[in-house]
Amino acid sequence: MMASSYTAKEEDGHITVSGPGALRSRKPENTAFKQQRLPAWQPILTAGTVLPAFFIIGLLFIPIGIGLFIDYTGVDASSPCFNCSQSFSWNSSRPFVFDPQSNVYVYYGLSNFYQNHRRYVKSRDDSQLNGDPKSLMVRRNTLELFYNDPNGTKVQILLNTTGIAWWTDKHPINWRRPVFDLDADEGNNGFINEDFIVWMRTAALPTFRKLYRIINKKSGMVPTLPRGNYSLEVVYNYPVRSFEGRKRMILSTISWMGGKNPFLGIAYITVAPCASSWASCCCSSTTSVETETTTLTFPTELLTCP
Amino acid sequence: MAYLKFQRSAIHSAVSSSAAHIGVGISGQEGMQAVLASDYSFAQFRYLRRLLLVHGRWSYFRMCNFLWYFFYKNFAFTLVHFWYGFFCGFSAQTVYDQWFITLFNIVYTSLPVLAMGLFDQDVSDQNSLHYPSLYKPGQQNLFFNKRQFFLCTLQGVSTSSLLFFIPYAAFSVMVKEDGSYISDQQVFAVTIATSLVIVVTVQIGLDTHYWTVVNHFFVWGSLIVYFAILFAMQSDGMFGIFTSSFPFVGTARNCLSEKSVWLVILLTSVVCVVPGMAVSFLRVELFPTLTDKVQTSSHRSAYAFSHQQGYGELITSGKNMKMSTASSTGSPGGTPQSSTWIENMLKRKNAVSCVSDEITGAPAKTD
């Protein structure tokens, strides 16, 4: 039945179908799209493109790396790790050796604490945190920072308790009663207590540090924390010995990049000479290859055109 | 491998590629039985040449490229969780946002590789016809075999490890520019996800040899769509409507406004992409295959022609007039006639006459 529709004149591949109506051709349209003739950019990796790219990477990464590495205004003063379980308060006294004139940030650090465990992350209920009150027991150390005058008197340093959480986490929420008394200040209680918000932001890694307090800088040229001895009093609420966790308290200033982060600087400084040296090796090897021959050798079958 | 079986009343031919066997029927005076039974059909034997050497070869090349890239992308995407397991107590906590996992293979990376599978050409169709040896890798299964799969796996695993460990090392001590906490699970997720999308997009860019308009649209469009969906899903609006489904509220705004996060993303992307680029460049320079040579010659031919002997001999010999009339009546599937002066010139330059024909044909067509 198909042969009946075939005509001897169909020499160029027309396969026609006799459906209802006129004869339809099954030949695909002769458009650029359907005949694979779309105009295109055809880049290939030549020495002229790859080697300059590598040199640019090398040149660009070195100043970035140096800028990150020597950015040392972020000074980190960690207290030694403590995990006592005998008493529930702890004093540490150490001298301060720098005079920061910017804000000082107080972090608490935890090690071996798997806040990123799947069951914990799964148990987090954002709709409850958003407004549905629920009783929670969160234990955390509280600490206060005292300044030991050379005279020996203890002056408590004012610690700023707000401004430590992300602005997007602080929702105007709809709570009917305070969850528990985290703060005497009613504006910072319950689910909008910033310490609680900071704690609930799940850490990515088992060793982490979270912002606890900010010591605002004083006006004028007065250093925020003058040189001298400081003591740290800690009320130890959350035992970590059971899972071999460790706690740290970190005081740090920050720079334009955030805190002190030597890894990025070192990584950039490492990648840059690798890229540059590889490019210069290739430069010398490809120029020697090119001087040998400028012609292309093809198999002999190709020299006869059909 | 192409083979032809001759039978009494019909001629059958079968073309095989490593990925699909297709049946081709040639309609003839004897009837249309082969056409009825085949996947593709045409009327003349000479079209078989184009079907095999151009479309069959392109099909094999595209399939292998597609497979290689698809496995690489999915290894890089999935094995990050393997590395993360060591740091989350092996609790199978996902690194990425659940929505990213859903949308990665459907929205963010599907269209560029689809465009590559549809349009990519390693050499042009004329060169495919002129160099039949280019068909050999298909017969010998060179573009995607166990060795290639192993190399693809290796690249995927190393990319996933770099994608995880560079942000891991950077985030261990990182804080935001205002001092607040940034090393949380959501920022970690967004950073690694953004780095991954950038790395695989750059990789498909390097793998695509033939950039049509569609390729451009799909590649750049996918990247833009990723950022658009990221900010949309992590906005306050979505969190307000579907609170439990969109827990990553505010993450993109807080972390992608940090210079240090972008520096981590830049470093990760460069370190993941550059070694692969270096290896493929070295392979082309030191051990070029026939495909590489044809690509380079067609790329250089426009440049090379201008440095060959000029038009003097062409004009004084008067052959250009005859050349133009001959080429205008040439059949679509045929090749332009080669005149003797061109052959002489080329033999002097020791270049391949078939390639230069395509180039010298162009200026000779001026009337």
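Modeller: Let's start with a term: a polar contact is a pair of N or O atoms within 3.5 Å; within protein, one must be able to donate a hydrogen and the other to accept it, and residues adjacent in sequence count only if both atoms are side-chain atoms. This is a predicted model, where local features need pLDDT of at least 70, side-chain atom pairs count only at pLDDT 80 or more, and totals for chains, interfaces and linings use all residues. Residues are numbered from 1 along each chain as its sequence is written, and side-chain values use heavy atoms, without hydrogens and water.

Biologist: Thanks! How many residue pairs are in polar contact between chain B and chain A?

Modeller: There are 14 such pairs, with both residues at pLDDT 80 or more. On the side of chain B that touches chain A, helix H13 (residues 259-286; a helix is a DSSP run of H or I, at least four residues) gives the most, with 15 residues.

Biologist: What makes B:Asp184 and A:Arg201 a salt bridge?

Modeller: The term asks for a side-chain nitrogen of Lys or Arg within 4 Å of a carboxyl oxygen of Asp or Glu. Here the closest N and O atoms are 2.8 Å apart, so the pair qualifies. The count between the two chains is 1 salt bridge.

Biologist: Why is A:Ile66 called partly exposed?

Modeller: Buried means under 20% relative accessible area and exposed over 50%, with partly exposed in between (1.4 Å probe, protein chains only). A:Ile66 has 40%, so it is partly exposed. A:Ile66 is found in helix H1 of chain A.

Key: Chains are lettered from A and ligands numbered from 1 in the order in which they are written. Helices (H or I, at least four residues) and strands (E, at least two) are DSSP runs, numbered from the N terminus.
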